Amino acid sequence: MRQIFLLILLFIVGQWLVKALRRHDAQASQRTGSGANGAAGAKGPNGGAGPTASAPAQLPEPMIRCVECGVHAPQSDSVVVAGQPFCSAAHAQRHGARPTGRDAR
Ligand SMILES: [Zn+2]
């Protein structure tokens with residue numbers, strides 16, 4: 001049963017990565033798209049002289065920490081129930097179904 005949650009988590013992370021890559025591509029095309037006279041673009045791999053290689057990548061959106069499992073997830077993919085953030089609706093339901101008292105074993 002735990003493997004299903006792992007698969008769901010992998011799926012969410014994959015989607016987030018695709019989103020981030022698309023954003024990166026859009027920014028790059030906006031930068032290089034304006035200069036149409038750059039004919040040397042087809043020579044070798046570009047992007048080697050980027051000064052931003054040492055700078056840490058800026059997070060596109062704030063991350064939240066799931067109350068149920070402690071996994072950090074992007075805020076757009078999170079589910080907030082009763083003011084508490086969760087990484088997925090399944091965890092929100094699991095957290096809500098659990099009795100609040102910890103004395104039940
Ligand atoms: Zn979770």
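1. Secondary structure. The protein has two helices and four strands in this predicted model. From the start of the sequence to its end, these elements come in the order α-β-β-β-β-α. The four strands therefore follow one another between the two helices, as the pattern α-β-β-β-β-α shows.

2. Burial and surface. Of the protein's 105 residues, 12% count as buried. The exposed surface comes to about 8,800 Å², and 59% of that area is supplied by carbon and sulfur atoms.

3. Contacts along the chain. Take the contacts between residues at least 6 apart in sequence: 30% of these join residues at least 24 apart.

4. The nonpolar core. Which residues make up the largest nonpolar core? There are six: Ile64, Cys66, Ala73, Phe86, Cys87 and Ala92. As general background, nonpolar side chains in soluble globular proteins tend to be buried together.

5. Ile64. This core residue can be followed through its contacts. With neighbours within four places in sequence set aside, Ile64 touches Val71, His72, Ala73, Pro74, Gln75, Ser78, Pro85 and Phe86. Two residues in that list, Ala73 and Phe86, are also members of the largest nonpolar core.

6. His72. Strand β2 covers residues 72-74, and His72 lies in it. Is His72 buried or exposed? His72 counts as exposed because its relative accessibility is 51%, and the cut-off for exposed is over 50%. Apart from neighbours within four places in sequence, the contacts of His72 are with Met63, Ile64 and Arg65. Ile64 thus appears here as a partner of an exposed residue, while itself belonging to the largest nonpolar core.

7. His72 and Pro85. These two residues are separated by 13 residues in sequence, and their C-alpha atoms are 9.9 Å apart in space. Both His72 and Pro85 are among the contacts of Ile64.

8. Ala82. The loop between β3 (79-81) and β4 (84-86) contains Ala82. What is unusual to check here is the backbone angle: Ala82 has a positive phi of about 55 degrees, although it is not a glycine. Most residues other than glycine have a negative phi. Ala82 counts as exposed because its relative accessibility is 77%.

9. Aromatic rings. How many aromatic pairs does the structure hold? The number is zero. A ring does take part in another arrangement: the charged end of Arg94 sits over the ring of Phe5, at 4.9 Å from the ring's centre.

Conventions. Residues numbered from 1 in each chain as written. Predicted model: local features only at pLDDT ≥ 70, side-chain atom pairs only at ≥ 80, totals over all residues. Heavy atoms only, no water. Core = buried A, V, L, I, M, F, W, Y, C linked by side-chain atoms within 4.5 Å. Buried < 20%, exposed > 50% of the residue type's maximum accessible area, 1.4 Å probe, protein only. Contact = heavy atoms within 4.5 Å. Phe/Tyr/Trp six-rings, centres within 6.5 Å; stacked < 30°, edge-to-face > 60°. Lys NZ or Arg CZ within 6 Å of the ring centre and 35° of its normal. Areas by Shrake-Rupley, 256 points an atom, 1.4 Å probe, with all protein chains shown as cover.
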